[in-house]
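Reader: I would like to go through a model step by step, beginning with the overall make-up and ending with single residues. Please show it.

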Amino acid sequence: MQPLSLPAGAIAACCVHLAERTTRPLSRRTAALLTTTGLAAATAVAVSAVLGGAAPHKNQQYLAATVASTAVLTATLCTGRGPLSRLLSTDLLTEVGRMSAPLFLLHLPIYCLLERGRPGLHPLALFLVGTAVTWFLSLLTHYLLAERLATRRWRPGSRG
């Protein structure tokens, strides 16, 4: 999957550039079409990854859908227009965005520990349990540690 990160980023950057270059705003129909296309591709990737159980990243259609959904969603979101931008600007989802660092840092170790502790766990069960544990620990980390450290007054040279 890593070899595709550069081309996916380049395609997404081109889509954003093309969307931003135009002086007229996207029509409601175009914004809805882009949003629907991107979400459909992202949903197909997620469903195949969760239910497939095998290594979907080796499948060419999976990679193409990942690149396509990344490009379309990035272009749609960076224009600041359309239903997806409005949806992701809600209070709940902006709060999820604020705590995305703990989510990102904790999800892989949690899933690895779950796979080692329960090697025969069905992929859907692994996804559901791993998601719940990741969210819980991320909430604790964000509110009990990260926010307190972020609001703490720091003085150079002091020892806590």
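Author: What follows goes from the whole chain to one helix pair and then to single residues.

Author: This is a predicted model, in which local features need pLDDT of at least 70 and side-chain atom pairs count only at pLDDT 80 or more, while totals for chains, interfaces and linings use all residues. Residues are numbered from 1 along each chain as its sequence is written, and side-chain values use heavy atoms, with hydrogens and water left out.

Reader: How many helices and strands are there in the protein?

Author: Helices (H or I, at least four residues) and strands (E, at least two) are DSSP runs, numbered from the N terminus. The protein has seven helices and zero strands. Read from the N terminus, the order of elements is α-α-α-α-α-α-α.

Reader: What share of the residues counts as buried?

Author: Buried means under 20% relative accessible area, exposed over 50%, and partly exposed in between (1.4 Å probe, protein chains only). Here 22% of the 160 residues count as buried. For the total area, the Shrake-Rupley method with a 1.4 Å probe is used, and for residues only the protein chains shown count as cover. The protein exposes about 11,400 Å², of which carbon and sulfur atoms supply 67%.

Reader: How are contacts spread along the sequence?

Author: Contact means heavy atoms within 4.5 Å. Among contacts between residues at least 6 apart in sequence, 69% join residues at least 24 apart.

Reader: How should a pair of packed helices be read?

Author: Two packed helices are described by the angle between their axes and the distance between the axes. Axes are lines fitted to C-alpha atoms, for helices over the stretch in contact, and angles run from 0 to 180 degrees between N-to-C directions. For helix H6 (residues 100–117) and helix H7 (residues 123–151), the axes come within 9 Å and cross at roughly 135°.

Reader: Which orientation class does that give H6 and H7?

Author: Angles under 35 degrees count as roughly parallel, over 145 as roughly antiparallel, 65 to 115 as roughly perpendicular, and the rest as oblique. H6 and H7 are therefore oblique to each other. As for handedness, a crossing is left-handed if the near helix is turned anticlockwise from the far one by less than a right angle, and right-handed if clockwise. H6 passes H7 in a right-handed crossing.

Reader: Which residues make the contact?

Author: On H6 they include Pro102, Leu103, Leu106 and His107, and on H7 they include Leu126, Phe127, Thr134 and His142. Ala, Val, Leu, Ile, Met, Phe, Trp, Tyr, Cys and Pro count as nonpolar, Asp, Glu, Lys and Arg as charged, and the others, Gly among them, as polar. By that scheme the contact of H6 with H7 has twelve nonpolar residues, seven polar and one charged.

Reader: Is threonine 134 buried or exposed?

Author: Threonine 134 is in helix H7 and is buried, at 5% relative accessible area. Setting aside residues up to four places away in sequence, threonine 134 touches Leu103, His107, Ile110 and Tyr111.

Reader: What does histidine 142 touch?

Author: Histidine 142, also placed in helix H7, is buried with a relative accessible area of 7%. Beyond residues up to four places away in sequence, histidine 142 touches Glu95, Arg98, Met99, Pro102 and Glu147.

Reader: Where does leucine 139 lie?

Author: Leucine 139 lies in helix H7 and counts as partly exposed, at 36% relative accessibility. Apart from neighbours within four places in sequence, leucine 139 is in contact with Met99 and Leu144.
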